[in-house]
Each structure stands twice: as C-alpha cells, then as structure tokens.
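User: I'm new to this structure and would like a close look at a single part of it. Could you pick one pair of packed helices and walk me through how they meet and what lies around them?

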Amino acid sequence: MRSTSTDRLVTLLLVLVSIMLVGMLTTSWRVVLYPYLVVIGVMILLGVGKRRDHDKVLMGLGVGVTLVYFALYIWLDIAMIPDLGSSTDLVAGVVPTTAIYFFAIWPFGLVVAGLYALLHRRIMSDDGPGAGTGQQYDGTADSGEVNA
Amino acid sequence: MNTTIIIIAAAYLAVVLLIGLWATGKTKTSGDFYIAGRSLGVFVMAIAVFSSIQSGFGVVGGTSTVTAGGYGFVSGVMIATPLGFAITWLLIGKRMMGVGDMGEMYTVGDVAELRYRSPAARGVMGVAVVLGVLGYLGTQVLAMGIVVAAIFGVSTTTGAIIGMSVLGLYVIGGGILAGVYTDLFQGVLMLVASLVAFYYAVDSGGGISEITRTLQQENPELASPFGLSPLVTIPCWIFLFSLGGSAQPHGLTKFLMLRDRRSLRWGPLISGTGYAITTLMVIGIGSAVSVLTIRGEFPVLDSPDESFTSYLTEFTPPIVAGLVIAGLLAAIMSTGSSFLTLGAASVIRDIPRAFNVRIERELLWSRIAVFALLVLSTAFALYIDNVVALLGTFGWGTFAASLFPALVLGMVWNGGTKQAAISSAIVGIVLNFVLEVGAKYDFTPLPDGVVIGAFTLAVTLIVYIGVSMATRGRSGDSLADPRLESVIDGGALEAPAPATPVRAS
C-alpha cells in the first residue's frame with residue numbers, strides 16, 4: 001500500500017509518543033517534554049489536512065509553532081539551571097522562570113488560537129482547485145470555480 | 001452565611017431555572033435535546049465549551065493545589081488547556097461539522113459507528129462515556145453539596161439534593177439547549193467573578209511582588225513555575241491536558257451543535273481566553289491563601305479544598321464572596337449539565353444501538369434517563385461513597401486515553417481501523433481503572449510523579465497506531481463513503497454522495 005504524507009506523520013507520532021513513554025518510565029522530564037513539542041506540530045499538520053502538502057503557510061504553521069515552543073522551553077530550561085525560584089530580580093512581580101512561563105509560554109497558546117482565526121480561510125478551504133490560494137472551494141469538483 | 005451571599009446565590013439559581021424553563025419550551029425533538037438542533041453560534045458554543053471544561057475540580061482543586069504546592073498545577077494543567085482548545089479546533093472542528101452533515105449525529109457513539117462502520121465501536125465508546133459520566137457526576141454532587149451547604153447553612157446531603165434538583169429541573173426539560181445557554185450565563189459569571197477575585201486576592205497578599213517574596217522565604221520553589229511538583233509531572237500534565245482536551249466528550253459533541261463553518265473561526269480564541277481568565281482566580285486565591293497561611297493570618301482548615309470558600313468569606317466583601325461563590329456553583333453546574341445529557345445519550349442511543357436496538361420516543365426516554373442518572377449519581381455520592389471513589393477514577397484521563405485515538409486521531413487519519421479503535425478504547429478504560437484504583441491500595445507500578453492519564457494516553461496511542469498498521473487493508477476496513485474520506489482528509493464537506501448510500505451500521 002502506498003504511504004501518504006498523513007501515514008508518515010502518524011508514523012512520526014508513533015515514534016515520538018514511544019520516546020515520551022520511555023521518558024515517563026525513566027522520569028526524564030525533558031524526554032517527555034521535547035518530543036511532545038514536536039507532537040504539537042504533528043497534530044497541527046494532521047489537523048490542517050492534505051492542504052499542507054501544497055500550502056506552505058499551513059506547513060509553516062505546524063513547523064513554526066513547534067520551533068517557537070522549542071525556543072521558549074529551551075529559554076526556560078536555561079533559566080532554570082542556575083535558579084528555579086530564588087532570584088532576587090523580579091519581572092512584573094514574579095521570578096524570571098515564572099515570568100517566562102506566565103508571560104511567554106502561556107500567552108503563546110492563545111497566539112496559536114489567534115493564528116487559527118487568522119488562517120481560518122486557508123484551513124477551511126477544501127482540497128480542490130483553490131488549493132494553496134487560501135480561497136474557498138465550493139465543493140463542485142468539475143466547475144473549477146473558486147469562491148473568494 | 002451572610003445574607004448578601006445567600007441572596008446572590010438564590011438569584012443565580014433562579015436565573016438558571018428561568019433559562020431552563022425557556023429552553024424546555026424550545027426542546028421538541030431528541031435533536032434539540034442532544035445537539036440543540038444545530039443552532040449554536042460561535043459565542044454561545046465557545047463559552048459553553050470553556051465553562052463546561054472548567055469544572056469545580058479545576059477551581060476548588062486547583063486553588064488548594066496552588067496553596068499547598070505552588071504553581072505546578074497551573075503551569076501543567078491550566079496553561080496547557082488554552083493550547084488544547086486551538087489543537088481541538090484544528091483537529092476536529094471542521095471534521096465534526098462534516099460528519100454532522102452526513103446524517104443524524106448526536107453522540108460520540110454515532111460518530112464512532114459512522115467512522116468505523118462498527119456497532120461494537122459505538123458500544124465501547126458509549127460504555128467509556130457512561131463510566132466517565134457517573135464518575136464526573138459523583139464528584140459534582142459532592143462539590144455541590146459542600147458549596148450549597150456552606151451558602152444556605154443546611155447539611156451537605158440537603159445541599160447536594162437542592163443543587164442536583166435545580167440541575168435536574170433545567171436539564172430534564174431543556175436538555176443540552178438549557179445546558180449551553182446556562183453555560184453561557186455561567187461562563188460570563190465565571191469571567192466576572194474571576195477578575196474580581198484575582199484583584200482582591202492580589203490585594204490581600206500585599207501585591208504580586210510581596211506574594212513572591214513571601215513564597216520565596218518559605219521555599220523558593222513555591223515561587224517557581226513548577227512549584228513543588230515533580231518535574232516529570234509537568235510535561236505529563238501538558239500532554240494530557242492539551243492533547244487530551246480534544247477527546248473530552250463534553251467539548252467534542254459541541255461541534256455537532258454549530259450552525260455553520262464560519263462559527264469555528266473565533267472559537268478557540270474565545271474559549272482559550274475565557275479559560276485563561278478563570279485561571280487567574282485560581283492563581284490569585286491559591287497564592288494569597290498560601291501567603292496568608294505563612295503569615296499565620298489564615299484559619300486552620302479541616303481540608304485544603306475549603307481554602308477557596310474560606311478565603312472568600314473571610315477576606316472579601318459579601319457581595320464579592322457571593323459573586324465568586326455563584327461563579328463556583330456555575331463551574332460545577334455547567335459541567336454537570338453537559339455530563340447529564342452525554343450520559344443519557346449513551347444510555348438511550350449508543351449502548352442499545354450497539355446491539356441493534358432502537359429506542360422509540362427517544363426524547364421521552366432521554367428525559368427519564370437524565371432523571372435516573374441524577375438519582376443514581378446523587379445516591380452513589382451520598383450513600384455509597386466507595387462507588388464514587390471508584391467511578392471518580394473515570395475522568396479526564398479515561399476520556400483522553402479511550403476516546404482520543406479512535407475519535408480524534410481516527411478523524412484525521414483514514415488508516416485507523418475498527419480493531420484499533422475498539423482495542424485502544426478498552427485498553428484505555430481498563431488501564432486507567434487498574435492504575436487509579438491500584439494507587440488507592442498502594443499498587444503504584446509507575447514511577448513517582450508520572451501522571452496515570454498521560455501514561456495511558458501514550459499507551460493507547462501506540463496501541464491504536466500499532467493495531468491499525470497490523471490490521472489495515474483487511475476486508476471491510478476501507479472507508480466506503482467518499483464523503484467521509486474527504487472529511488478525514490480535511491477536504492470538502494459536500495463531496496458527491498456515493499451512488500449507493502452507505503448505511504452507518
């Protein structure tokens with residue numbers, strides 16, 4: 001049977017979740033967390049459907065969200081090495097590690113929700129003649145008409 | 001309790017009953033009862049999703065967890081959930097609306113049978129939902145009993161009966177239509193209550209910086225984002241509550257109620273923002289109580305779960321306490337109403353249809369089922385607490401582990417098979433039950449800090465994908481309906497119908 005891009009993403013998901021399971025059994029929090037950040041991107045790419053194959057913006061959404069989460073958690077990870085919560089420097093009233101979490105990682109979840117709204121037409125567009133243009137295909141495969 | 005608080009709580013209950021009365025007049029069919037006649041717009045649906053997801057457990061349990069262990073619960077559970085809304089809308093929003101266009105889709109069981117052409121898959125999903133519903137309802141009964149008793153000065157039993165009676169009155173009559181519109185009212189109430197509570201909590205702690213300094217002096221980890229939680233717990237929670245959120249049936253079925261596709265657009269932002277605002281209440285009150293306790297200014301409590309209501313009655317004006325306690329009642333009732341209709345749907349539709357039995361006069365029997373669930377869950381909670389303790393293990397984690405692979409991954413990947421759906425759901429139910437009940441009897445095979453629901457979700461994902469790969473391509477596993485294939489691929493909802501209609505069963 002010919003493998004599709006969805007099959008490959010699901011296989012990647014299987015590998016990532018297996019690594020996370022090993023992380024849980026060895027109580028290695030980074031081995032659970034970092035593969036999961038890739039899982040988030042995989043889920044976004046699965047969610048947008050086959051349009052990801054010819055819409056670079058939607059492909060970029062999945063990859064970009066994972067990269068930003070990676071950057072934020074690595075920043076947090078580095079900040080946690082010398083100091084978990086005893087810093088005398090406060091950022092908006094909280095310690096720097098909590099500030100990274102509350103003021104960057106937390107809002108980014110809402111940014112992803114905002115990106116969903118922003119890219120809604122592309123995401124909702126069907127895999128027809130309008131594919132890749134962000135325009136709405138009306139479901140009539142033979143008409144070739146695209147609803148803007 | 002103070003008269004002002006009693007008046008506000010009574011007014012809240014009266015408004016909820018009035019909405020229920022209005023919805024009862026609108027509910028004419030089982031389609032109205034279960035999916036509100038597919039009439040919802042984005043605002044009502046998105047607020048209903050966040051208010052039903054934000055339960056009494058999140059508010060009361062979250063507050064006491066912050067008080068006892070710092071911000072770990074907030075960072076792991078409550079900050080992951082808004083991301084979960086975005087993932088949910090991306091994964092299933094368009095697809096659930098698509099399958100809703102393909103026939104009479106009221107329940108997760110209906111979707112499972114359509115997706116896998118398997119009554120057995122429907123039945124297993126129905127059983128998972130019923131077990132979870134009884135567990136969730138049992139905990140809501142207990143929470144309701146404590147809150148109503150505290151407000152009106154009655155016993156916990158009487159409080160639970162009063163609260164469940166109000167809930168029953170509006171759900172039996174108005175079904176999910178009453179549920180979502182009371183959720184809308186309750187959600188808005190929770191938002192206002194959360195902002196007010198956060199302001200007072202920060203103020204009584206002496207400001208954010210002062211709260212942080214006091215926590216640092218007690219234990220620096222209390223001021224850190226992960227608090228006293230084991231580090232491995234945090235990513236487990238993030239995984240379970242962001243990804244597992246897509247498989248909560250009280251959120252999932254609400255996509256079947258939407259009027260049109262455009263309604264999806266702002267949903268995750270509205271739900272996520274609403275949930276984030278209610279998280280402020282948990283952070284604020286939890287850390288304020290922690291600081292006040294360190295300073296010796298907070299009364300000694302019998303149970304950490306009392307910290308939420310004790311703080312409000314002792315440290316805020318009665319009007320604020322009344323508003324926030326009404327908001328807490330709202331959190332409990334909005335979750336309870338969703339689960340009552342979900343449970344009735346499984347009992348009346350999913351489980352009988354798994355055995356090819358169709359219930360006639362579905363609306364009448366659904367109302368009877370809601371009443372029976374109310375009586376059962378109240379009786380279990382008040383008189384057979386061991387049953388609630390056992391059923392209470394069927395909650396978020398069970399739904400995530402048993403429903404996510406089949407109903408969420410299966411809706412974005414046409415390679416999933418019915419064997420995989422059934423086996424992953426059964427593994428999810430059994431593994432959760434064994435590990436959760438085992439934990440109560442010191443059977444803890446998992447390393448310390450690993451969250452059972454996260455572990456079982458990982459296992460069931462592996463089971464689903466593995467079994468699908470092993471059984472894929474066998475006769476009967478292909479998707480016979482091109483419309484369904486198109487929906488799963490994220491394509492047209494209105495692809496041409498097949499020449500020979502394919503029956504769901």
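**Two helices of chain B**

Analyst: In this predicted model, helices H10(B) and H13(B) pack with their axes 10 Å apart and at an angle of about 55°. That angle is why H10(B) counts as oblique to H13(B). As for handedness, the crossing in which H10(B) passes H13(B) is left-handed. If this way of talking is new to you, two packed helices are described by the angle between their axes and the distance between the axes.

Now let's see who meets whom. From H10(B) come B:Ile211, B:Thr214, B:Leu215 and B:Glu218, and they meet B:Ser287, B:Ala288, B:Ser290, B:Val291 and B:Ile294 of H13(B). By type, the residues of this contact are five nonpolar, three polar and one charged. You may notice a rhythm in the numbering of such residues: an α-helix has 3.6 residues a turn, so residues three or four places apart point the same way.

Let's stay with H13(B) for a moment. Helix H13 of chain B covers residues 267-294, and its 28 residues should span 40 Å at 1.5 Å a residue; the C-alpha atoms at its ends are 41 Å apart, which agrees. H13(B) is also mostly covered, with 23 of its 28 residues buried. After the helix comes B:Gly296, which has a positive phi, near 75°.

Both helices also have a part in the contact between the chains. That contact takes 51 residues from chain A and 59 residues from chain B. On the side of chain B that touches chain A, at least two residues each are supplied by helix H6 (80-100), helix H10 (208-218), helix H11 (233-243), H13 and helix H20 (452-471). The largest share of that side comes from H6(B), with nine residues. Sorted by type, the residues on the side of chain B that touches chain A are 40 nonpolar, 13 polar and six charged.

And the partner across the way? Chain A has five helices and two strands, and along the sequence its pattern reads α-α-α-α-α-β-β. Of the 148 residues in chain A, 44% are buried. Taking the contacts in chain A between residues at least 6 apart in sequence, 41% join residues at least 24 apart.

To come back to where we began: H10(B) and H13(B) cross at about 55°, and each supplies at least two residues to the side of chain B that touches chain A.

How values were computed
Residues numbered from 1 in each chain as written. Chains lettered and ligands numbered in written order. Predicted model: local features only at pLDDT ≥ 70, side-chain atom pairs only at ≥ 80, totals over all residues. Helix = DSSP H or I, 4+ residues; strand = E, 2+ residues; numbered from the N terminus. Expected span 1.5 Å × (residues − 1). Buried ≥ 20, exposed ≤ 12 C-beta atoms within 10 Å, placed from the backbone. Contact = placed C-beta atoms within 7 Å. Nonpolar A, V, L, I, M, F, W, Y, C, P; charged D, E, K, R; others polar. Axes fitted to C-alpha atoms, helices over the stretch in contact; angles between N-to-C directions. Parallel < 35°, antiparallel > 145°, perpendicular 65-115°, else oblique. Left-handed = near helix turned anticlockwise from the far one by under 90°.
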